[in-house]
Amino acid sequence: MNKLDIYNEKDYQKLEEYLWTYEEIGYKCYQVSAEKNFNIDTLRDDMRGKINVLAGHSGVGKSSIINRLDPELDLKTGQISDYHRQGKHTTTFSEMFEMNGGGYLIDTPGIRGFGVIDMEKEEISHFFPEIFKLLKDCRYHNCTHIHEPGCAVKAALENGKIPVTRYESYLSMVLGEDSKHRPDIWK
(Lines give C-alpha, C1' and ligand atoms only; values in the text may rest on other atoms or scores of the structure.)
Protein backbone atom coordinates (compact mmCIF):
# COMPACT_ATOMS: atom_id res chain seq x y z
CA MET A 1 0.00 0.00 0.00
CA ASN A 2 1.72 3.14 -1.22
CA LYS A 3 1.26 6.85 -0.54
CA LEU A 4 0.74 6.50 3.22
CA ASP A 5 1.97 10.09 3.50
CA ILE A 6 -1.34 11.38 2.07
CA TYR A 7 -3.77 9.05 3.87
CA ASN A 8 -6.52 10.55 6.01
CA GLU A 9 -8.44 8.80 8.80
CA LYS A 10 -10.92 7.22 6.37
CA ASP A 11 -8.03 5.95 4.22
CA TYR A 12 -6.38 4.36 7.26
CA GLN A 13 -9.64 2.59 8.16
CA LYS A 14 -9.85 1.17 4.63
CA LEU A 15 -6.17 0.22 4.84
CA GLU A 16 -6.85 -1.78 8.01
CA GLU A 17 -9.64 -3.65 6.21
CA TYR A 18 -7.35 -4.48 3.29
CA LEU A 19 -4.52 -5.55 5.59
CA TRP A 20 -6.81 -7.86 7.56
CA THR A 21 -8.31 -9.32 4.40
CA TYR A 22 -5.09 -10.05 2.55
CA GLU A 23 -2.78 -10.91 5.45
CA GLU A 24 -5.46 -13.31 6.77
CA ILE A 25 -5.29 -15.32 3.54
CA GLY A 26 -1.51 -15.38 3.46
CA TYR A 27 -0.34 -12.39 1.46
CA LYS A 28 2.46 -10.27 2.88
CA CYS A 29 1.43 -6.61 2.70
CA TYR A 30 3.73 -3.61 2.78
CA GLN A 31 2.78 -0.13 3.91
CA VAL A 32 5.07 2.31 2.12
CA SER A 33 5.48 5.84 0.93
CA ALA A 34 7.74 6.30 -2.08
CA GLU A 35 7.48 10.06 -1.60
CA LYS A 36 8.75 9.92 2.01
CA ASN A 37 10.95 6.81 1.56
CA PHE A 38 8.94 5.06 4.29
CA ASN A 39 9.44 1.27 4.67
CA ILE A 40 11.26 1.07 1.33
CA ASP A 41 14.26 -0.63 2.99
CA THR A 42 12.03 -3.41 4.35
CA LEU A 43 10.48 -3.94 0.94
CA ARG A 44 13.91 -3.95 -0.73
CA ASP A 45 15.26 -6.51 1.76
CA ASP A 46 12.33 -8.86 1.12
CA MET A 47 12.71 -8.52 -2.66
CA ARG A 48 16.44 -9.24 -2.67
CA GLY A 49 17.37 -12.40 -4.56
CA LYS A 50 13.88 -12.87 -6.04
CA ILE A 51 12.03 -12.04 -9.22
CA ASN A 52 9.38 -9.45 -8.30
CA VAL A 53 6.60 -7.71 -10.19
CA LEU A 54 4.80 -4.49 -9.33
CA ALA A 55 1.30 -4.32 -10.75
CA GLY A 56 -1.61 -2.03 -10.01
CA HIS A 57 -3.70 0.83 -11.26
CA SER A 58 -2.19 3.79 -13.10
CA GLY A 59 -0.94 6.47 -10.75
CA VAL A 60 -0.39 4.35 -7.62
CA GLY A 61 3.36 4.94 -7.70
CA LYS A 62 4.84 1.71 -9.04
CA SER A 63 7.66 3.47 -10.90
CA SER A 64 8.25 5.81 -7.95
CA ILE A 65 8.64 2.81 -5.65
CA ILE A 66 11.10 1.24 -8.10
CA ASN A 67 13.11 4.47 -8.19
CA ARG A 68 13.33 4.37 -4.38
CA LEU A 69 14.27 0.70 -4.39
CA ASP A 70 17.04 1.29 -6.94
CA PRO A 71 17.68 5.00 -7.71
CA GLU A 72 20.08 4.10 -10.55
CA LEU A 73 17.12 2.92 -12.64
CA ASP A 74 15.68 6.47 -12.72
CA LEU A 75 12.38 5.45 -14.31
CA LYS A 76 10.09 8.10 -15.76
CA THR A 77 7.19 9.04 -13.46
CA GLY A 78 4.16 11.19 -14.13
CA GLN A 79 1.50 13.21 -12.41
CA ILE A 80 -2.12 12.28 -11.82
CA SER A 81 -4.42 13.64 -14.52
CA ASP A 82 -6.32 16.71 -13.28
CA TYR A 83 -9.20 15.84 -15.59
CA HIS A 84 -9.58 12.10 -14.91
CA ARG A 85 -8.00 12.03 -11.40
CA GLN A 86 -6.11 8.90 -12.53
CA GLY A 87 -2.61 8.02 -13.61
CA LYS A 88 -1.54 8.72 -17.17
CA HIS A 89 0.17 5.41 -18.13
CA THR A 90 3.75 6.66 -17.76
CA THR A 91 4.94 3.05 -18.09
CA THR A 92 3.74 1.75 -21.45
CA PHE A 93 5.19 -1.80 -21.49
CA SER A 94 6.45 -4.35 -18.97
CA GLU A 95 10.19 -4.36 -18.44
CA MET A 96 12.43 -6.37 -16.11
CA PHE A 97 15.33 -4.68 -14.34
CA GLU A 98 18.20 -6.19 -12.39
CA MET A 99 18.28 -4.66 -8.91
CA ASN A 100 21.41 -3.51 -7.14
CA GLY A 101 22.01 -5.96 -4.31
CA GLY A 102 20.44 -8.88 -6.17
CA GLY A 103 17.12 -9.82 -7.63
CA TYR A 104 14.96 -8.62 -10.45
CA LEU A 105 12.05 -6.26 -10.64
CA ILE A 106 9.39 -6.06 -13.34
CA ASP A 107 7.64 -2.74 -13.84
CA THR A 108 4.24 -2.99 -15.53
CA PRO A 109 1.88 -0.49 -17.15
CA GLY A 110 -1.01 0.71 -15.04
CA ILE A 111 -4.13 -1.41 -14.99
CA ARG A 112 -7.55 0.12 -15.60
CA GLY A 113 -9.43 -3.09 -14.86
CA PHE A 114 -9.14 -6.85 -14.57
CA GLY A 115 -10.83 -9.59 -16.53
CA VAL A 116 -10.94 -13.36 -16.49
CA ILE A 117 -9.86 -15.21 -19.62
CA ASP A 118 -10.00 -18.95 -20.34
CA MET A 119 -11.14 -19.95 -16.88
CA GLU A 120 -13.97 -22.37 -16.23
CA LYS A 121 -16.44 -21.31 -13.52
CA GLU A 122 -15.58 -24.49 -11.61
CA GLU A 123 -11.93 -23.37 -11.44
CA ILE A 124 -12.52 -19.90 -10.00
CA SER A 125 -12.53 -21.15 -6.39
CA HIS A 126 -8.99 -22.46 -6.94
CA PHE A 127 -7.73 -18.88 -7.31
CA PHE A 128 -9.03 -17.81 -3.89
CA PRO A 129 -6.60 -19.39 -1.37
CA GLU A 130 -9.03 -19.03 1.53
CA ILE A 131 -11.76 -20.81 -0.44
CA PHE A 132 -9.48 -23.40 -2.04
CA LYS A 133 -8.29 -24.76 1.31
CA LEU A 134 -11.92 -25.44 2.33
CA LEU A 135 -13.03 -27.31 -0.81
CA LYS A 136 -12.33 -30.74 0.70
CA ASP A 137 -14.65 -29.94 3.64
CA CYS A 138 -17.76 -29.23 1.53
CA ARG A 139 -20.45 -31.93 1.56
CA TYR A 140 -20.52 -32.11 -2.25
CA HIS A 141 -17.41 -32.46 -4.42
CA ASN A 142 -18.89 -30.13 -7.04
CA CYS A 143 -20.05 -27.47 -4.57
CA THR A 144 -20.40 -24.02 -6.10
CA HIS A 145 -20.34 -22.36 -2.65
CA ILE A 146 -23.50 -20.50 -3.49
CA HIS A 147 -26.59 -22.52 -2.53
CA GLU A 148 -25.56 -26.03 -1.46
CA PRO A 149 -26.18 -27.31 2.08
CA GLY A 150 -23.09 -28.41 3.98
CA CYS A 151 -20.85 -25.87 2.25
CA ALA A 152 -17.67 -25.25 4.25
CA VAL A 153 -17.07 -21.96 2.43
CA LYS A 154 -20.46 -20.51 3.38
CA ALA A 155 -19.94 -21.71 6.98
CA ALA A 156 -16.54 -19.97 7.08
CA LEU A 157 -18.14 -16.81 5.69
CA GLU A 158 -20.85 -16.87 8.37
CA ASN A 159 -18.20 -17.39 11.08
CA GLY A 160 -16.10 -14.45 9.87
CA LYS A 161 -13.25 -16.67 8.64
CA ILE A 162 -13.62 -15.42 5.07
CA PRO A 163 -14.00 -11.68 4.46
CA VAL A 164 -17.32 -10.74 2.85
CA THR A 165 -15.47 -8.70 0.21
CA ARG A 166 -13.56 -11.79 -0.94
CA TYR A 167 -16.72 -13.88 -1.17
CA GLU A 168 -18.44 -11.09 -3.10
CA SER A 169 -15.48 -11.03 -5.50
CA TYR A 170 -15.84 -14.79 -5.94
CA LEU A 171 -19.58 -14.43 -6.62
CA SER A 172 -19.05 -11.64 -9.13
CA MET A 173 -16.64 -13.83 -11.09
CA VAL A 174 -18.86 -16.92 -10.97
CA LEU A 175 -22.20 -15.22 -11.57
CA GLY A 176 -21.23 -12.03 -13.36
CA GLU A 177 -21.47 -8.48 -12.05
CA ASP A 178 -25.07 -7.85 -13.08
CA SER A 179 -26.52 -11.30 -12.39
CA LYS A 180 -30.07 -11.30 -11.00
CA HIS A 181 -29.34 -14.63 -9.31
CA ARG A 182 -26.93 -13.43 -6.64
CA PRO A 183 -27.76 -15.00 -3.30
CA ASP A 184 -28.35 -13.00 -0.16
CA ILE A 185 -25.17 -14.02 1.67
CA TRP A 186 -26.68 -13.17 5.03
CA LYS A 187 -29.55 -15.70 4.85
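Reader: What do the buried residues of α2 pack against?

Author: They pack against β1, α3 and β3. Keep in mind that this is a predicted model.

Reader: Which residues of α2 are buried?

Author: Buried means under 20% relative accessible area. In helix α2, residues 40–47, that picks out Ile 40, Leu 43, Arg 44 and Met 47. Look down the axis of α2: these buried residues fall within an arc of 100 degrees, so they line one face of the helix.

Reader: What phi does Gly 49 take, just after α2?

Author: A positive one, about 80 degrees.

Reader: Now the sheet. In what order do the strands lie?

Author: Read the order across the sheet, not along the chain. Here 3 strands run β1-β3-β2 in an open sheet, and the pairing is mixed. The edge strands are β1 (51–54) and β2 (95–98), each of which pairs on one side only. From one strand to the next, the twist averages 25 degrees.

Reader: How many bridges join β2 to β3?

Author: There are 4 bridges between β2 and β3, residues 104–107, and the two strands run antiparallel. For a landmark, find Phe 97: it stands opposite Leu 105 in β3.

Reader: Which strands does α3 touch where it packs on the sheet?

Author: Helix α3, residues 62–69, touches β1 and β3. For its orientation, compare directions: that of α3 makes about 155 degrees with that of β3.

Reader: Why is α3 described as largely enclosed?

Author: Count the buried residues. In α3, 6 of the 8 residues are buried, so the helix is largely enclosed by the rest of the structure. The buried residues are Lys 62, Ser 63, Ile 65, Ile 66, Asn 67 and Leu 69. Their cover includes α2, β1 and β3.

Reader: Take Ser 172 next. Is this residue buried or exposed?

Author: Check its relative accessible area. The value for Ser 172 is 15%, which makes the residue buried. Ser 172 is found in helix α6, residues 164–175.

Reader: Which backbone oxygen does the side chain of Ser 172 reach?

Author: That of Ser 169, at 2.8 Å.

Reader: One last check, on confidence. What pLDDT does the chain average?

Author: The chain averages 86, and 83% of the residues score at least 70. Then look for local dips. Over residues 80–89 the pLDDT is below 50. Beyond near neighbours in sequence, that stretch has 17 contacts in the model.

How values were computed
Residues are numbered from 1 along each chain as its sequence is written. Side-chain values use heavy atoms; hydrogens and water are left out. Two strands pair if DSSP finds at least two bridges between them. Axes are lines fitted to C-alpha atoms, for helices over the stretch in contact, and angles run from 0 to 180 degrees between N-to-C directions. Contact means heavy atoms within 4.5 Å. Buried means under 20% relative accessible area, exposed over 50%, partly exposed in between (1.4 Å probe, protein chains only). A polar contact is a pair of N or O atoms within 3.5 Å; within protein, one must be able to donate a hydrogen and the other to accept it, and residues adjacent in sequence count only if both atoms are side-chain atoms. The arc is that of the directions from the helix axis to the C-beta atoms. pLDDT is the predictor's confidence in each residue, from 0 to 100.
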